[in-house]
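Reader: Please pick one part of this model and take me through it closely. I would like its surroundings first, then the charged contacts.

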Amino acid sequence: MEHVIRPVRADEWRKARDIRLAALRDPAAPLAFLDTYEAAVGRPDEHWRERTAGVAEDRDGAHQFVAEAPDGSWDGTVTVLVERAGEDVRFGEAPVVDQTHVVGVYVRPEARGAGLADALFRAAVEWSWSLGGAPVQRVRLYVHERNARAAAFYRRAGFVPTGVSVPLEGDASGALEVEYEVRRPVTG
């Protein structure tokens, strides 16, 4: 793999916007993201600046990792949100333990199968375990119940279903988002 997996910098908001818009144009986007291309493309530059600054390399509350190709283009991304016990969260139930939440997983179709998703997930999980303060006890994510490809990848990456599911907001069909987790390794 020739890509470098690294956190984004705040000044890279244009690239962060571009890969997000590419993700929202992917055929799997309706199952994978709680956003639409139509809504995202109309957001002003200030939205993208703030969004990128909030997940940049010097932040402790969230981190966005990218798979950067030798030519400087981005072929994949994943974002990790820190969720502390008892705090409100953006999606799902409030955590009972300190945890992180993986969101915004995307690898460009032409780069799939090269190990980028695996490398991005390793970076996200390793960052989660390295956080200061109270140790993160688990990393969680949600996957749409009909997104079999993503669910298979998450299982291969070591995530297991928790038995928790939440209704997909704004979906009249009753579709569910299924929670998966990986627990902090026990060290002895």
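Author: What follows starts with one strand, moves to its neighbours and ends with salt bridges.

This is a predicted model, with local features needing pLDDT of at least 70 and side-chain atom pairs counting only at pLDDT 80 or more, while totals for chains, interfaces and linings use all residues. Numbering starts from 1 along each chain as its sequence is written, and side-chain values use heavy atoms, leaving out hydrogens and water.

The part is strand 5, residues 138-144. Helices (H or I, at least four residues) and strands (E, at least two) are DSSP runs, numbered from the N terminus. Strand 5 is mostly covered: seven of its seven residues are buried. Buried means under 20% relative accessible area, exposed means over 50%, and partly exposed lies in between (1.4 Å probe, protein chains only).

Take the two faces in turn. In a regular strand, side chains alternate between the two faces of the sheet. One side of strand 5 carries Arg 138, Arg 140, Tyr 142 and His 144, all buried. The other side carries Val 139, Leu 141 and Val 143, also buried.

Now the neighbours. Two strands pair if DSSP finds at least two bridges between them. Strand 4 (residues 99-107) runs parallel to strand 5, and three bridges join them. Two of the contacts can be named. Gln 99 has Arg 138 as its bridge partner in strand 5. His 101 has Arg 140 there.

The link between these two strands goes over a helix. Strand 4, helix 5 (residues 116-130) and strand 5 make a right-handed β-α-β unit. Right-handed means that, with the strands pointing away from the viewer, the path from the first strand over the helix to the second runs clockwise.

Strand 7 (residues 176-183) also pairs with strand 5, in the antiparallel sense, over seven bridges. Here Arg 138 has Arg 183 in strand 7 as its bridge partner.

One step further out, strand 3 runs antiparallel to strand 4, joined by seven bridges. Glu 83 stands opposite Gln 99 in strand 4.

Next, the charges. Side chains of opposite charge can pair when their charged atoms come close. A salt bridge is a side-chain nitrogen of Lys or Arg within 4 Å of a carboxyl oxygen of Asp or Glu. By this rule the count comes to 18.

Arg 108 and Asp 75 form one, at 3.9 Å, N to O. Arg 108 sits in the loop between strand 4 and helix 5, and Asp 75 in strand 3 (residues 74-83), 33 residues apart. Arg 108 is partly exposed, at 21% relative accessibility. Asp 75 is buried, at 13%.

Strand 5 itself takes part through a network. Salt bridges that share partners join Glu 83, Arg 138, Arg 140, Glu 179, Glu 181 and Arg 183.

The loop between strand 4 and helix 5 also holds Arg 112. Arg 112 forms a salt bridge with Asp 26, the closest N and O atoms being 2.7 Å apart. Asp 26 lies in the loop between helix 1 and helix 2 (29-32), so the pair ties together parts that are 86 residues apart in sequence. Arg 112 is partly exposed, with a relative accessible area of 32%. Asp 26 is buried, at 10% relative accessibility.
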